[in-house]
Structure formats: structure tokens, C-alpha cells
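Hi everyone, thanks for making time for this. I'd like to walk you through one structure, strand by strand, so please have a look at it with me.

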Amino acid sequence: MECKYCGGECMKWGYRIRKLKTGDGAYDILEVPRVRCKTCSKTFTIYENEILPGLHFSKNIVEGAVETYEYPSERTMRRWRKNHAVK
Ligand SMILES: [Zn+2]
């Protein structure tokens, strides 16, 4: 895949663990792949659709993710909400 900063080639760089609120104090654990750019050496987390569709996000989970963690962009969050039909 391409680096989102410079367009260079990226390699896998482990995982980060995300905890997503399920609304009753419990969490779902999500492994989010990280990559590292060979050109600019930046690391970043992949938040793309291949991770999310298998999850059944509720409104609470999406809001919990926003509240608790950094997230890629407002545009992506709108896509999440749209994809998961959150009103
Ligand atoms: Zn780069």
C-alpha cells in the first residue's frame, strides 16, 4: 500500500489494539494493523473498510470510539455512520 504522507511504499509494522465500547462498560477488542513507510519512516494505522465491515457498530460504539480514541477524520466517521446506518 502507499504511504498516506508521501506515497512511498509501506510495510507491515505490527498492530495496535483498539478497545471499542459496547455500551454497558464492556469493550470489544480490535486489532488494527499499522504500517511503516520505507521512504519517510512514518508509521500510521490503517482504518480502512476491511477492518470495519465485520463489526456491527451500534451508535453507542461509534460514539464511544469518537469519545475515547483518535480517529482518522470526520469524513471517515461520516462514512462509518453511513455504512452502519447510524442516524
Ligand atoms: Zn511516506
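**A walk across the sheet**

Let's begin in the middle of things: Arg16 has Val32, in strand E2, as its bridge partner. Before I go on, please keep in mind that this is a predicted model.

Staying with Val32 for a moment, this residue belongs to strand E2. Its C-alpha atom is 5.3 Å from that of Tyr15, although the two residues are 17 apart along the chain. Is Val32 buried, partly exposed or exposed? Val32 is partly exposed, because 15 other C-beta atoms lie within 10 Å, and a residue needs 20 or more to count as buried.

Now let's step back to the whole protein. The secondary structure consists of two helices and three strands, and along the sequence these follow the pattern β-β-β-α-α. Of the 87 residues, 8% count as buried. If you like contact maps, here is a number for you: among contacts with a separation of 6 or more, 50% are between residues 24 or more positions apart.

How are the three strands arranged? They form an open sheet in the order E1-E2-E3, with antiparallel pairing. Strand E1, residues 10-21, and strand E3, residues 43-45, are at the edges; each has a single partner strand, so one side of each has no neighbour in the sheet. From one strand to the next, the twist averages 30°. As a general reminder, strands of a sheet pair through backbone hydrogen bonds, either parallel or antiparallel.

Let's take the two pairings in turn. E1 and E2 run antiparallel and are joined by ten bridges. They form a hairpin with five residues between them, and in the turn Gly23 has a positive phi of about 105°. Further along this pairing, Met11 stands opposite Arg36 in E2.

Arg36 also takes us across to the other side, as its bridge partner in E3 is Thr43. Strand E2, residues 27-37, pairs with E3 in the antiparallel sense over three bridges. Another of the pairs here is Val35 with Phe44 of E3.

E2 and E3 form a hairpin too, again with five residues between them. Which residue in that turn has a positive phi? That would be Ser41, with a phi of about 65°. In general, most residues other than glycine have a negative phi. Ser41 is not a glycine, yet its phi is positive, so if you are checking backbone torsions, this is one to look up in the loop between E2 and E3.

Finally, is Ser41 buried or exposed? Ser41 is exposed, because 11 other C-beta atoms lie within 10 Å, and 12 or fewer is the cut-off for that class.

That's my tour, and I'm happy to go back to any part of it.

Terms used: Residues are numbered from 1 along each chain as its sequence is written. This is a predicted model: local features need pLDDT of at least 70, side-chain atom pairs count only at pLDDT 80 or more; totals for chains, interfaces and linings use all residues. Helices (H or I, at least four residues) and strands (E, at least two) are DSSP runs, numbered from the N terminus. Two residues are in contact if their C-beta atoms, placed from the backbone, lie within 7 Å. Two strands pair if DSSP finds at least two bridges between them. Axes are lines fitted to C-alpha atoms, for helices over the stretch in contact, and angles run from 0 to 180 degrees between N-to-C directions.
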